[in-house]
Amino acid sequence: MKKLIIILAAIAIVFFGCDSGKNKKENFGEILGDDPKLDSTQVSEELPTEAQQVLQNISSSPVEMAALLQSAGVEFSERYIAEVKDVDRYNTDFKRAVNLGILGADLGYLNMYKKTGPVMNNMQAIRKLSEELRVQQFFDFQTIKRLATNNENIDSLMYITLQSFNNMDTYLQQNGRSEISALIICGTWMEGMYIATQVLKEAQTPNPEIVERIGDQKEVIENLTTMLSYYKNNPQFKTLHDSYARILSAYDGVTKTIEQGEPEQREIDGIMVVVQNEISHVEVPDETLETIILTIEEVRNNLIRL
């Protein structure tokens with residue numbers, strides 16, 4: 001699958017025009033129960049080809065949005081990231097996978113801002129969850145620890161941590177554990193959105209580039225919701241699917257237009273081709289943006305309280 005998800009690349013959420021949607025609280029923990037492992041056979045014996053294509057179309061880097069936030073002059077805030085002291089309560093593979101994704105997005109955010117102290121705490125939690133999910137072999141924790149103590153190696157640190165998640169993702173896809181990969185991706189996406197929308201929530205004047213990045217993620221949330229629909233016969237996934245479907249409905253208020261640019265000749269794989277350039281324009285009404293922020297906050301906080 002193309003590089004684990006987000007934010008950190010930007011993405012987005014809900015315009016549900018009814019009060020029942022705003023007041024609804026999903027009791028994830030009650031529905032998920034305490035099964036020690038996620039039974040893949042109860043989820044899907046084989047991920048349909050269509051779902052595999054959906055997964056392959058979801059791509060982004062866990063540091064892209066963090067880079068945008070930093071370039072926009074947004075100050076780092078530890079309040080945006082998940083606490084790591086209570087990871088022991090994630091006692092099922094479902095909970096572990098979702099929150100491994102959340103911590104992965106936080107790691108990209110911490111790396112971008114060179115916060116080496118919190119990085120170490122974050123990595124300890126990632127190590128615990130990855131061991132319990134039996135994917136710890138993809139993380140070179142000694143090297144990551146060494147790089148995290150030296151801010152001059154930040155590029156190497158980000159590269160290694162991203163490669164760790166990407167290699168793990170490929171392994172899960174190839175070894176019949178696509179449901180774990182899907183959950184990690186959903187968690188990473190959600191945390192990236194949470195960080196970005198919290199920045200907007202606290203800003204006196206929302207940064208238009210960040211707003212547009214969030215609005216530009218309609219296709220991503222469509223893909224995530226489609227992906228989760230393949231698993232929703234399992235009650236663990238149904239609640240998650242319904243939450244992401246609420247997020248998708250928010251985009252009823254978002255509009256996107258494409259402006260055709262000038263064609264350009266480029267060399268691709270040694271062949272000169274004509275590429276039609278396009279410029280996209282995304283409009284996110286203030287009311288819709290407010291709903292996006294509130295809904296992301298609610299769903300994300302439910303996930304970390306699993």
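In the hairpin formed by β1 and β2, two residues lie between the strands, and D269 adopts a positive phi near 55°. The model is a predicted one, and this hairpin is a pleasant place to enter it. The two strands, β1 (residues 255-268) and β2 (residues 271-283), run antiparallel and are joined by twelve bridges. Within this pairing, E259 has I279 of β2 as its bridge partner.

Turning to the interior, the largest nonpolar core comprises 75 residues, and the members that touch the most others are L69, Y109, I126, W189, L224 and Y244. The main contributor to this core is helix α10 (residues 178-202), which supplies 14 residues. In soluble globular proteins, nonpolar side chains tend to be buried together.

Helix α5 (residues 64-71) has M65, A66, L68 and L69 as its buried residues. Viewed down the axis of α5, these buried residues fall within an arc of 160°, and they therefore line one face of the helix. Their cover includes α6 (93-112), α10 and α11 (208-215). Just after α5 comes G73, with a positive phi of about 85°.

Helix α11, part of that cover, has buried residues of its own: I210, V211, I214 and G215. Seen down the axis of α11, they fall within an arc of 135°, so they too line one face of their helix. The buried residues of α11 pack against α5, α10, α12 (218-229) and α14 (286-304), and also against β2, the strand that partners β1 in the antiparallel pairing. At the start of α11, the backbone nitrogen of E209 has a side-chain oxygen of N207 within 2.8 Å.

How values were computed
Residues are numbered from 1 along each chain as its sequence is written. This is a predicted model: local features need pLDDT of at least 70, side-chain atom pairs count only at pLDDT 80 or more; totals for chains, interfaces and linings use all residues. Side-chain values use heavy atoms; hydrogens and water are left out. Two strands pair if DSSP finds at least two bridges between them. Helices (H or I, at least four residues) and strands (E, at least two) are DSSP runs, numbered from the N terminus. A nonpolar core is a set of buried Ala, Val, Leu, Ile, Met, Phe, Trp, Tyr and Cys residues joined through side-chain atoms within 4.5 Å. Buried means under 20% relative accessible area, exposed over 50%, partly exposed in between (1.4 Å probe, protein chains only). The arc is that of the directions from the helix axis to the C-beta atoms. Contact means heavy atoms within 4.5 Å. A polar contact is a pair of N or O atoms within 3.5 Å; within protein, one must be able to donate a hydrogen and the other to accept it, and residues adjacent in sequence count only if both atoms are side-chain atoms.
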